[in-house]
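User: I'm new to this structure and would like a close look at one part of it, the open sheet. Could you walk me through how that sheet is put together and what surrounds it?

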Amino acid sequence: MKTLLSLFVASAALVSAAASSVAAPAVGCDGFLWPLATEIAWMKSDGTETVDSGSTLPTPPDGKAVALALKPAAEVTLPATPTKTPKPGDDKTLAGVVTFGSISQGHYQVTLSAHAWIDVVQNGKALEATGHTGSADCEFARKSVRFEIAEGPVSIQIYGAQAAVVKFTIRPATD
């Protein structure tokens, strides 16, 4: 019986040691699945480019965030139906879209400063995300979503937001 009790105590100690060696979930701005230090720096910067919903820019800005002024969702014509599952009250949220006349082909990450849904649209269709990460505890970056984008015009549509202005960044994905 002492041997069985000793074996049980030793097993419990091993399980406890293994559990304590597992890293606690990251919080704040350190909990993302890929590096967002560049995006967070751009979000914090005073050099943000501010645009109204419906604006068209030649290309995505290099080295800075875009602050998109949103409107009531019912007033915004989005280039594609949002991929977000509709929820009661969506009609009371804010939305917006900005189009870039040209972008190079590549794997990009689009990062938002606030809680909202984001779609990247080309040729009238929302692109399928290749990955996403988020943190409700990061003041400067709420989520980041990756997309394979073809060369040509592209629209970024934001939907379901509560904030009147949402900052976003777009740049090639790097790990």
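Analyst: Sure, let's start with the whole chain and then zoom in. Of the 175 residues in the protein chain, 42% are buried. Keep in mind that this is a predicted model. The chain's pLDDT averages 85, and 85% of the residues score at least 70. One stretch to treat with care is residues 4-26, where the pLDDT is below 50. Beyond near neighbours in sequence, that stretch has just 1 contact in the model.

As for the building blocks, the chain has 2 helices and 12 strands. Reading from the N terminus, both helices come before the strands: α-α-β-β-β-β-β-β-β-β-β-β-β-β.

Now for the sheet you asked about. It is an open sheet of 6 strands, and going across it you meet β1-β3-β12-β6-β10-β9, with mixed pairing. At its edges sit β1 (49-52) and β9 (129-134), each of which pairs on one side only. From one strand to the next, the twist averages 25°.

Let's pause at one pair inside that order. β6 and β12 run antiparallel, and 5 bridges join them. If you want a spot to find on screen, look for glutamine 109, which stands opposite arginine 171 in β12. There's a helix to find here too: α2 (residues 37-44) packs on the sheet and touches β6 and β12. The direction of α2 makes about 140° with that of β12.

Strands of this sheet also turn up in the largest nonpolar core, a set of 26 residues. Among the elements that give two or more residues to this core are β3 (66-69), β6 (106-112), β10 (143-149) and β12 (165-172). Other contributors of two or more are β5 (94-103), β7 (117-122) and β11 (152-161). The residues with the most contacts inside the core are Ile156, Ile158, Phe168 and Ile170.

Isoleucine 156 is a good one to click on. Leaving aside residues up to four places away in sequence, isoleucine 156 touches Phe168 and Ile170, along with Gly96, Val97, Val98, Phe100, Val110, Ile118, Asp119 and Val120.

Stepping back to the chain as a whole, look at contacts with a separation of 6 or more: 77% of them link residues 24 or more positions apart. And on the outside, the accessible surface comes to about 9800 Å², with 57% of it belonging to carbon and sulfur atoms.

Methods. Residues numbered from 1 in each chain as written. Predicted model: local features only at pLDDT ≥ 70, side-chain atom pairs only at ≥ 80, totals over all residues. Heavy atoms only, no water. Core = buried A, V, L, I, M, F, W, Y, C linked by side-chain atoms within 4.5 Å. Buried < 20%, exposed > 50% of the residue type's maximum accessible area, 1.4 Å probe, protein only. Helix = DSSP H or I, 4+ residues; strand = E, 2+ residues; numbered from the N terminus. Contact = heavy atoms within 4.5 Å. pLDDT = per-residue confidence, 0-100. Areas by Shrake-Rupley, 256 points an atom, 1.4 Å probe, with all protein chains shown as cover. Pairing = 2+ DSSP bridges. Axes fitted to C-alpha atoms, helices over the stretch in contact; angles between N-to-C directions.
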